[in-house]
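New to this one? Take a slow look at the sequence and the 3D view before reading on.

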Amino acid sequence: MYDYNDSSELVLIRKAQRGDVKAFSELYARIYRELYRFALYTMKHPQDAEDAVSETVIAAYENIHKLKKEESFRSWIFTILANRCRRKIKNVQKMEELPESLAAAEQDHAESCDVRKAFMKLDEEDRIIVACSVLEGYASAEIGRMLGMNPATVRSRKARAIDRLRRILA
């Protein structure tokens, strides 16, 4: 869970809302690693994750004036990212798959890890929930706001997803 006792970030958010490009750049620099990690665990390939983050940052910059509560900046931008990732996953699923010989050459090295393979077997929303909770430390209420879910639903889906990971890895 992110602590908004850091008044400097709130000041940057307010400046960015007034069109200050440097302030938005500083916000982006502070949150980039979290955004990328979230996208990478949601998507299958680093390039797709980078594309999703880039598109998210552009959309956030263009729409930051619509942000109603500065304290919601992180959940707001992660909601944008989650939606971008969903859209990209749907587009990839619609595309014709590469022949296995080409797909194997492009395979991400991290996918060779058992945990990564197990993680990718979870459905998209469960991956997002686990990534936000376990990897980024967001609370169920924050994840619920990002995904438009009840916090209790987030907790139960997280528990089921982690149980499924355990069974896959056993």
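Here is a short tour, from the overall build down to single residues.

## The big picture

One thing to keep in mind from the start: this is a predicted model. The chain has nine helices and zero strands. So if you walk along from the N terminus, the elements simply read α-α-α-α-α-α-α-α-α.

The chain has 170 residues, and 42% of them count as buried. On the outside, the chain exposes about 9900 Å², with carbon and sulfur atoms supplying 51% of that area. What about contacts between parts that are far apart in sequence? Take the contacts between residues at least 6 apart in sequence: 69% of these join residues at least 24 apart.

## Two helices side by side

A good place to zoom in is the pair α2 and α3. Helix α2 covers residues 21-42 and helix α3 covers residues 46-63. Their axes come within 10 Å and cross at roughly 145 degrees. The crossing of α2 past α3 is right-handed.

Who does the touching? From α2, the residues in the contact are V21, F24, Y28, Y32, L35, Y36, A39 and L40. From α3, they are P46, A49, E50, V53, V57, A60 and Y61. Sorted by class, this contact comes to 14 nonpolar residues, no polar ones and one charged residue. If you notice a rhythm in the numbering, there's a general reason: an α-helix has 3.6 residues a turn, so residues three or four places apart point the same way.

## Salt bridges that span the chain

How many salt bridges does the structure hold? The count is eleven. Start with K88 and E55, whose closest N and O atoms are 3.4 Å apart. K88 belongs to helix α4 (residues 73-94) and E55 to helix α3, so this pair ties together parts that are 33 residues apart in sequence. Are the two partners buried or exposed? K88 counts as buried because its relative accessibility is 17%, and buried means under 20%. E55, with a relative accessible area of 31%, is partly exposed.

Helix α4 also takes part in another bridge, this time through R86. The side chains of R86 and E125 meet at 3.4 Å, N to O. E125 lies in helix α7 (residues 124-135) and R86 in helix α4, so the bridge ties together parts 39 residues apart in sequence. Here R86 is buried, at 16% relative accessible area, while E125 is partly exposed at 23%.

## One more bridge, and a network

R157 and D123 make a further salt bridge, with their closest N and O atoms 3.3 Å apart. R157 sits in helix α9 (residues 151-169), whereas D123 is in the loop between α6 (114-121) and α7. That links distant parts of the chain, 34 residues apart. R157 counts as buried at 15% relative accessibility, and D123 counts as partly exposed at 39%.

Salt bridges can also join up. In this structure, E9, E26, R30, E34 and R74 are linked in a network of them.

## Around α6, α7 and α9

Now look at α6. Its buried residues include R116, A118, F119 and M120. What do the buried residues of α6 pack against? They pack against α2, α7 and α9.

Over in helix α7 you'll find R127. Is R127 buried or exposed? Its relative accessible area is 7%, so R127 is buried. Leaving aside residues up to four places away in sequence, R127 touches Y41, T42, I89, F119, M120 and L122. Two of those names, F119 and M120, should ring a bell: they are among the buried residues of α6.

Helix α9 brings in I162. With a relative accessible area of 21%, I162 is partly exposed. I162 touches V130 and V134, again not counting residues up to four places away in sequence. And how far is I162 from R127? Their C-alpha atoms are separated by 9.8 Å, although the two residues are 35 apart along the chain.

Methods. Residues numbered from 1 in each chain as written. Predicted model: local features only at pLDDT ≥ 70, side-chain atom pairs only at ≥ 80, totals over all residues. Heavy atoms only, no water. Helix = DSSP H or I, 4+ residues; strand = E, 2+ residues; numbered from the N terminus. Buried < 20%, exposed > 50% of the residue type's maximum accessible area, 1.4 Å probe, protein only. Contact = heavy atoms within 4.5 Å. Areas by Shrake-Rupley, 256 points an atom, 1.4 Å probe, with all protein chains shown as cover. Axes fitted to C-alpha atoms, helices over the stretch in contact; angles between N-to-C directions. Left-handed = near helix turned anticlockwise from the far one by under 90°. Nonpolar A, V, L, I, M, F, W, Y, C, P; charged D, E, K, R; others polar. Salt bridge = Lys/Arg side-chain N within 4 Å of Asp/Glu carboxyl O.
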